[in-house]
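Me: I want to see how the labels on this model are earned. Take me through them one by one.

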Amino acid sequence: GVKIRTTTGGITVDNIKADSLDLKVSTGNIKASNISLSGDMFISVSTGKANISTVTCHTISSSGSTGELNMTDVIAVNSFELTRSTGDITLNSCDADEIYIKTSTGDVSATLLSDKVYITKTDTGNIHTPSTVTGGRCEISTSTGDINIKVLK
C-alpha cells in the first residue's frame with residue numbers, strides 16, 4: 001500500500017492504483033482523485049480540508065478535528081467510516097454498503113446512489129432523509145448540525 005505523512009502542508013494524489021492508501025496530515029489539506037484500491041483508504045486530517053473524488057475501494061475511514069470532508073463519486077464496496085469534530089461532511093454521488101458518519105458541530109449532506117436504512121441523531125439540527133426501509137445501514141449523528149440525505153435514482 002501507499003502511505004504518505006506530513007506535518008504542515010498539503011498532500012495531493014492523483015491516478016493511483018494500489019492495495020491501500022493511507023494519507024495523514026496535521027495542518028494542511030488533502031486532495032485525492034482518480035484512485036482505484038483493492039483494499040482500504042485512510043484519511044486523517046487534524047486541521048484542514050479533505051477533498052476526495054472518483055475513488056473505488058473496499059472501505060474508507062476518515063478522521064479529523066477541524067475541517068471539511070468533501071467526497072464526490074466515491075464508491076466503497078464495504079463501508080464509509082467518517083468522523084469530524086468541527087466541520088461539514090458532504091458526499092456527492094457516493095455510495096457504500098454501510099455508512100457511519102459522526103460530527104460534533106457540522107452539517108452532513110449527502111446524495112447517495114442506493115437506498116439505505118437511516119439511523120440519525122442531532123441535538124439541535126434538522127433531519128431530512130428518505131423514508132426507505134431497505135438497503136444497508138446509514139448511521140449519522142451530529143450535535144449541532146443538520147442532516148440532509150437524498151438518493152439519486
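The turns below set computed values against cut-offs.

Reply: This is a predicted model, where local features need pLDDT of at least 70, side-chain atom pairs count only at pLDDT 80 or more, and totals for chains, interfaces and linings use all residues. Residues are numbered from 1 along each chain as its sequence is written, and side-chain values use heavy atoms, with hydrogens and water left out.

Me: How many disulfides are there by the rule?

Reply: Zero. A disulfide is a pair of cysteine sulfur atoms within 2.5 Å. The closest cysteine sulfur to that of Cys94 is in Cys57, 10 Å away, so the two are too far apart for a bond. For Cys138 the closest cysteine sulfur is in Cys94, at 12 Å, which is also too far.

Me: What makes Cys94 and Cys138 buried?

Reply: Relative accessible area decides (buried is under 20%, exposed is over 50%, partly exposed is in between; 1.4 Å probe, protein chains only). Cys94 has 0% relative accessibility, so Cys94 is buried. Cys138 has 1%, so Cys138 is buried.

Me: Why is the pairing of Asp95 with Lys116 called a salt bridge?

Reply: The rule asks for a side-chain nitrogen of Lys or Arg within 4 Å of a carboxyl oxygen of Asp or Glu. Asp95 and Lys116 have an N to O distance of 2.9 Å, so the pair meets the rule. The pair links distant parts of the chain, 21 residues apart: Asp95 is in strand β8 (residues 89–105) and Lys116 in strand β10 (residues 116–122). Strands here are DSSP runs of E, at least two residues, numbered from the N terminus. Asp95 is buried at 11%, and Lys116 is buried at 2%.

Me: How many salt bridges does the rule give?

Reply: Four. Among them, Asp123 and Lys121 meet at 3.2 Å, N to O. Asp123 is exposed at 53%, while Lys121 is partly exposed at 48%. Another is Arg137 with Glu139, at 2.3 Å, N to O. Arg137 is partly exposed at 38%, and Glu139 is partly exposed at 26%.

Me: What does the side chain of Thr142 pair with as polar contacts?

Reply: A polar contact is a pair of N or O atoms within 3.5 Å; within protein, one must be able to donate a hydrogen and the other to accept it, and residues adjacent in sequence count only if both atoms are side-chain atoms. A polar atom of the Thr142 side chain lies 3.3 Å from the backbone oxygen of Thr103. The backbone nitrogen of Gly145 is 3.2 Å from a polar atom of that side chain. Thr142 is in strand β12 (residues 136–142). At 3% relative accessibility, Thr142 is buried.

Me: What makes a nonpolar core, and how many residues has the largest?

Reply: A core is a set of buried Ala, Val, Leu, Ile, Met, Phe, Trp, Tyr and Cys residues joined through side-chain atoms within 4.5 Å. The largest has 40 residues. Met71 is one of those with the most contacts inside it. Leaving aside neighbours within four places in sequence, Met71 is in contact (heavy atoms within 4.5 Å) with residues including Ile52, Ile60, Phe80, Leu91 and Cys94.

Me: What is noted about phi at Asn15 and Thr54?

Reply: Most residues other than glycine have a negative phi. Phi of Asn15 is near 55 degrees, a positive value. Phi of Thr54 is near 50 degrees, also positive. Asn15 lies in strand β2 (residues 11–18) and is exposed at 58%. Thr54 lies in strand β6 (residues 50–66) and is partly exposed at 38%.

Terms used: Helix = DSSP H or I, 4+ residues; strand = E, 2+ residues; numbered from the N terminus.
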